[in-house]
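Colleague: I'm new to reading protein models, so could you walk me through this one? I'll ask, you explain, and let's keep it relaxed.

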Amino acid sequence: FKSYLKSRDRSPATIDGYGHDIQKFIRWVGPDCSMDDMNAENVRAYRDEMLENDANPKTINRHLAALAAFGHWASTKAGLLSENPVLYVDTVEMVNLAPRWLDESQRQTLLSTLRKDMSDAREKYPRLWVIRQRDTTMVTMLLYTGLRVGELCALRISDLTIGEHKG
C-alpha cells in the first residue's frame, strides 16, 4: 500500500499519516481484524465513534480519506476487496471559519511589544537577544506578507528576490 501511495506522488507525511490512521482502524476493529472487516458498516461505526468522542471533523475526514485510499488500492490494485466500502460512507461536515486578522491598533501594539521585548532582552539577556530578534522578524513577516506559518518555516534565502527597488 505504501508503495502504491509513493507511486501516486503522496508526500512522506501523508504516507505516514495514512499508515497511522489505518493502524488505528485495525486496533479499533480488534485483534482478529481481517479484510472482511473493511466494510461500510465498520467504517461508518468507526466514524460515528470518533464523532461521539468529540474528535475534530477534520481528523475524522482524514481517517476516512486514509481508509478510502486503502480501500481503493485493495479493490483496484491488490484484488483484496471486491469494491471500496468507504465510497458508501459520508464524510463529516466541517464548518470553515473565516480567518481573523488584527486591526491596525492591534498590529501596532504587537509590534511595539515585540520591540520592547527585544530591547529588554538585549540589555538583560544578551545571549537570548538573537532568538528574540529572529522571533520578531518571523512575526513581522507573518503580519505583512500573508504567509502561513508552515510557508514561513520552509522559506529559504534563495526564495527571495532582493533588488534595488524591492526586498
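**A chat about the helices and loops**

Colleague: Let's start with H6: what does this helix reach from its first C-alpha to its last?
Modeller: H6 has 17 residues. At 1.5 Å a residue, the expected span is 24 Å. The reach in the model is close to that, at 24 Å.

Colleague: And how much should I trust this, what is the mean pLDDT of the protein chain?
Modeller: Good thing to ask, since this is a predicted model. Of the residues in the chain, 99% reach a pLDDT of 70 or more. The mean pLDDT for the chain is 92.

Colleague: In which helix is confidence highest?
Modeller: Let's look at both ends of the range. Confidence is lowest in helix H6 (residues 129-145), where the mean is 91. At the other end, with a mean of 98, is H3.

Colleague: Back to H6 for a second: is Thr 136 buried or exposed?
Modeller: Thr 136 is found in helix H6. Setting aside residues within four places in sequence, Thr 136 is in contact with Leu 114 and Met 118. Its relative accessibility is 10%, and the cut-off for buried is under 20%. So Thr 136 counts as buried.

Colleague: Which residue follows H6, and what is its phi?
Modeller: Just after H6 comes Gly 146. Its phi is positive, near 80 degrees.

Colleague: Where else is phi positive, say at Asp 9, and what is the value?
Modeller: Most residues other than glycine have a negative phi. Asp 9 is not a glycine, and yet its phi is positive. Asp 9 sits in the loop between H1 and H2. Its phi is about 60 degrees.

Colleague: What about Asp 54, is this residue buried or exposed?
Modeller: Asp 54 also has a positive phi, near 60 degrees. Its place is in the loop between H3 and H4. The relative accessible area of Asp 54 is 70%, and anything over 50% counts as exposed. So Asp 54 is exposed.

Colleague: Now for packing: how are H2 and H4 arranged, parallel or perpendicular?
Modeller: Helix H2 (residues 12-29) and helix H4 (residues 57-77) pack with their axes 9 Å apart. The angle is about 90 degrees, and angles from 65 to 115 count as roughly perpendicular. Therefore H2 and H4 are roughly perpendicular.

Colleague: How many nonpolar residues are in the contact of H2 with H4?
Modeller: From H2, the residues that take part include Tyr 18, Ile 22 and Phe 25. They belong to a set that meets H4 residues, among them Leu 67, Ala 69 and Phe 70. By class, the contact has one polar and three charged residues, and the nonpolar count is eight.

Colleague: What covers the buried residues of H4?
Modeller: H4 has 21 residues and reaches 29 Å, close to the expected 30 Å. Its buried residues include Ile 60, Leu 64, Trp 73 and Ala 74. What covers the buried residues of H4 includes H1, H2 and H3.

Colleague: How far is Leu 5 from Ala 69, C-alpha to C-alpha?
Modeller: Leu 5 is found in helix H1 (residues 2-7), and it is buried, with a relative accessible area of 1%. Beyond its sequence neighbours, Leu 5 is in contact with Arg 10, Ile 15, Tyr 18 and Ala 69. Leu 5 and Ala 69 are 64 residues apart along the chain. Their C-alpha atoms are separated by 8.5 Å.

Colleague: Over in H3, which residues is Asn 42 in contact with?
Modeller: Asn 42 lies in helix H3 (residues 40-52). With a relative accessible area of 19%, Asn 42 is buried. Leaving aside neighbours within four places in sequence, its contacts are Phe 25, Trp 28 and Asp 37.

Colleague: And Ala 40, which residues does this one touch?
Modeller: Ala 40 is found in helix H3 too, and at 16% relative accessibility it counts as buried. Its C-alpha is 27 Å from that of Asp 9. Not counting residues up to four places away in sequence, Ala 40 touches Pro 85, Tyr 88 and Val 89.

Definitions and conventions: Residues are numbered from 1 along each chain as its sequence is written. This is a predicted model: local features need pLDDT of at least 70, side-chain atom pairs count only at pLDDT 80 or more; totals for chains, interfaces and linings use all residues. Side-chain values use heavy atoms; hydrogens and water are left out. Helices (H or I, at least four residues) and strands (E, at least two) are DSSP runs, numbered from the N terminus. Buried means under 20% relative accessible area, exposed over 50%, partly exposed in between (1.4 Å probe, protein chains only). Contact means heavy atoms within 4.5 Å. pLDDT is the predictor's confidence in each residue, from 0 to 100. Axes are lines fitted to C-alpha atoms, for helices over the stretch in contact, and angles run from 0 to 180 degrees between N-to-C directions. Angles under 35 degrees count as roughly parallel, over 145 as roughly antiparallel, 65 to 115 as roughly perpendicular and the rest as oblique. Ala, Val, Leu, Ile, Met, Phe, Trp, Tyr, Cys and Pro count as nonpolar, Asp, Glu, Lys and Arg as charged, and the others, Gly among them, as polar. The expected span of a helix is 1.5 Å times one less than its number of residues.
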